[in-house]
Amino acid sequence: GFPDSCSELFATCSKENIRVWVTDTSNEVLRITVPNMTCHGVCFMRDGKSIISAWDDGKIRAFKPQSGSELYTIHDAHNQGVTAIATASDNRRIVSGGGEGQVRVWDISGQRQVMAAAMKEHKGVVTCIKIRNNCTECVSSSDDGTCIIWDLNRYVRNQIIFANT
């Protein structure tokens, strides 16, 4: 993903690595390694001050984009691995998805990361999450064939879409 209004850099993840690249040159400028773990998703906080990542050990890890040093870790974010991750445009929330099918909202402020809500309706692994720019809703998809639009103020389902079977 790209940090907001900065298309010069982007981040990718594969297995135990997060890599930050310069767009113009395709040069790798940073590699963050978490040995023996698998990163399922990576994105920048919109202000560009941290890289947020989803890991198969159930942790959400945040890193500094310049040095790769760890900013914080949310332990036990999901009990079957963190499989999807998204950041809100206000830089105050992260939404994560897990192998158990839950979508969780995290309030991020200073040195504190607190779960605000856990929403469970998917019957399978959460595969992707996108947050609206106004931070009022997000959509999650699952390998169960559903997409759910969630209200991020009341933490309830607004709509569910089923795949044609």
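In this predicted model, Cys147 is partly exposed, because its relative accessible area is 29%, a value that lies between the 20% under which a residue is called buried and the 50% over which it is called exposed. Cys138, by contrast in class, counts as buried, since its relative accessibility is 1%.

Neither of these cysteines is paired, and the structure as a whole holds 0 disulfides. The closest cysteine sulfur to that of Cys138 belongs to Cys128 and lies 10 Å away, which is too far for a bond, because a disulfide requires two cysteine sulfur atoms within 2.5 Å. Cys147 is likewise in no disulfide, and for this residue the nearest cysteine sulfur, again that of Cys128, is 8.7 Å away.

Cys138 also appears among the residues touched by Ile131, a list that further includes Arg46, Ala86, Thr87, Ala88, Val95, Glu137 and Leu152, when residues up to four places away in sequence are not counted. Ile131 is found in strand 12, which covers residues 126-131, and at 11% relative accessibility Ile131 counts as buried. One of its contacts, Val95, is 36 residues apart from Ile131 in sequence, yet the two C-alpha atoms are 8.0 Å apart in space.

Elsewhere in the description comes the second largest pocket, whose volume is about 210 Å³. Strand 7 (70-74) and strand 10 (102-109) each supply at least two residues of its lining, and the lining residues include Leu71, Tyr72, Ile108 and Ser109, together with Met45, Asp47, Lys49 and others. Sorted by class, the lining of this pocket has 4 nonpolar, 5 polar and 2 charged residues.

Note on methods. Residues numbered from 1 in each chain as written. Predicted model: local features only at pLDDT ≥ 70, side-chain atom pairs only at ≥ 80, totals over all residues. Heavy atoms only, no water. Buried < 20%, exposed > 50% of the residue type's maximum accessible area, 1.4 Å probe, protein only. 1 Å grid on protein atoms, 1.4 Å probe; cavity = no way out; pocket = protein on both sides within 12 Å on 5 of 7 lines; lining within 4 Å. Points joined across faces, edges and corners; volume = space filled by probe spheres on them. Helix = DSSP H or I, 4+ residues; strand = E, 2+ residues; numbered from the N terminus. Nonpolar A, V, L, I, M, F, W, Y, C, P; charged D, E, K, R; others polar. Contact = heavy atoms within 4.5 Å.
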